[in-house]
Amino acid sequence: MAWWWQTLIGVGAGLLLGWLALVVALLVAKPGTAQIKEALRLLPDVLRLLRRLAADPTLPRGVRVRLGLLLAYLAFPFDLVPDFIPVLGYADDAIIVIVVLRSVVRHAGLAAVREKWPGTEDGFAALIRLTGLTR
C-alpha cells in the first residue's frame, strides 16, 4: 500500500477517534435545559465577543488561535453532534463555546473579556454563571 494511503487512513482514523472522544465528553458534561436556553439567548452577544477577542492583538497568540478555530467551527455547516439527537444536538455549539471561553479567561483574564463584552451587564452576569467563572 502506498504511503499516502496509509497517511490518509491514519488521519481519518484519528479524526474519527477525536470525534468520538468529544461526543463522549459532551454526553458526560450534558448541561441542564435551562442553561442551554440561557446560552442560546446570549448567542448574538457571545459571537460578537468572540470576534472582538479574536481580533485583539494584545491577547496571546494561542488565545486568538483558539478563538479563530472556534469561529471557524461555528461557521462550518456540519455539527459535531447532529441536530436530530435530542438535547445534545443543539447544545454542542453552546458547550464548545463555554469550554473555549473558560480557556480564554484562564489565559487572557476576565478583564479582557469584560472590556470586549458587547451586551448588557445582566448578559455578562449570565455569561459568568454559564461558564462557571468568577468575577
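Here are a few exercises on a predicted model of a protein chain, each with a worked solution.

**Exercise 1: the overall layout**

Work out how many helices and strands the protein chain has, and what pattern they follow along the sequence.

*Solution.* Start with the count: the protein chain has seven helices and zero strands. Next, read along the sequence, and the pattern comes out as α-α-α-α-α-α-α. Then look at burial: of the 135 residues, 33% count as buried. For the surface, the chain exposes about 8500 Å², and carbon and sulfur atoms supply 68% of that area. Finally, check the contacts with a separation of 6 or more: residues 24 or more positions apart account for 61% of them.

**Exercise 2: the nonpolar core**

Find out which residues touch the most other members of the largest nonpolar core, and which elements give two or more residues to this core.

*Solution.* Begin with the members: this core has 24 residues, and Val46, Val113 and Leu127 touch the most other members. Now go to the elements: H3, H4, helix H5 (88–108), helix H6 (110–116) and helix H7 (121–131) give two or more residues each. Of these, H5 gives the most, with six residues. To finish, zoom in on Val46: leaving out residues up to four places away in sequence, Val46 touches Val97, Leu101, Trp117 and Leu127.

**Exercise 3: two helices and their sides**

For H3 and then H4, list the buried residues and decide how they sit around the helix axis.

*Solution.* Take H3 first. H3 has 12 residues and spans 16 Å from its first C-alpha to its last, close to the 16 Å expected at 1.5 Å a residue. Its buried residues are Asp45, Val46, Leu49, Leu50 and Leu53. They cover an arc of only 140° around the axis, so they lie on the same side of H3.

Now do H4 in the same way. H4 has 15 residues and reaches 21 Å from first C-alpha to last, close to the 21 Å expected at 1.5 Å a residue. Val63, Leu67 and Leu70 are the buried residues here. Their arc is only 60° around the axis, which puts them on the same side of H4. On the face of H4 turned away from that buried side you'll find the exposed residues Arg61, Leu69 and Ala75.

**Exercise 4: Leu101**

Decide whether Leu101 is buried or exposed, and find what it contacts.

*Solution.* First, place the residue: Leu101 is in helix H5. Its relative accessibility is 2%, so Leu101 counts as buried. Next, set aside neighbours within four places in sequence; Leu101 is then in contact with Val46, Leu49, Leu50, Leu127 and Thr131. Two of those names, Leu127 and Thr131, turn up again among the buried residues of H7, which also include Gly123 and Phe124. One more pair to try: Leu101 and Leu133 are 32 residues apart in sequence, and their C-alpha atoms are 9.4 Å apart in space. While you're at this end of the chain, look just after H7, where Gly132 takes a positive phi of about 70°.

**Exercise 5: Asp56 and Lys116**

Locate Asp56 and Lys116, then say why each one counts as buried and what each touches.

*Solution.* Start with Asp56, which sits in the loop between helix H3 (43–54) and helix H4 (61–75). The cut-off for buried is under 20% relative accessible area. At 9% relative accessibility, Asp56 therefore counts as buried. Its side chain makes a polar contact with the side chain of Thr58, at 2.7 Å. Beyond its neighbours within four places in sequence, Asp56 is in contact with Arg64 and Lys116.

That leads to Lys116, which is in helix H6. Lys116 has 18% relative accessibility, so this residue counts as buried too. Not counting residues up to four places away in sequence, Lys116 touches Leu49, Arg52, Leu53 and Asp56. Two of these, Leu49 and Leu53, are among the buried residues of H3.

Note on methods. Residues are numbered from 1 along each chain as its sequence is written. This is a predicted model: local features need pLDDT of at least 70, side-chain atom pairs count only at pLDDT 80 or more; totals for chains, interfaces and linings use all residues. Side-chain values use heavy atoms; hydrogens and water are left out. Helices (H or I, at least four residues) and strands (E, at least two) are DSSP runs, numbered from the N terminus. Buried means under 20% relative accessible area, exposed over 50%, partly exposed in between (1.4 Å probe, protein chains only). A polar contact is a pair of N or O atoms within 3.5 Å; within protein, one must be able to donate a hydrogen and the other to accept it, and residues adjacent in sequence count only if both atoms are side-chain atoms. Contact means heavy atoms within 4.5 Å. The expected span of a helix is 1.5 Å times one less than its number of residues. The arc is that of the directions from the helix axis to the C-beta atoms. Accessible areas come from the Shrake-Rupley method with a 1.4 Å probe; for residues, only the protein chains shown count as cover. A nonpolar core is a set of buried Ala, Val, Leu, Ile, Met, Phe, Trp, Tyr and Cys residues joined through side-chain atoms within 4.5 Å.
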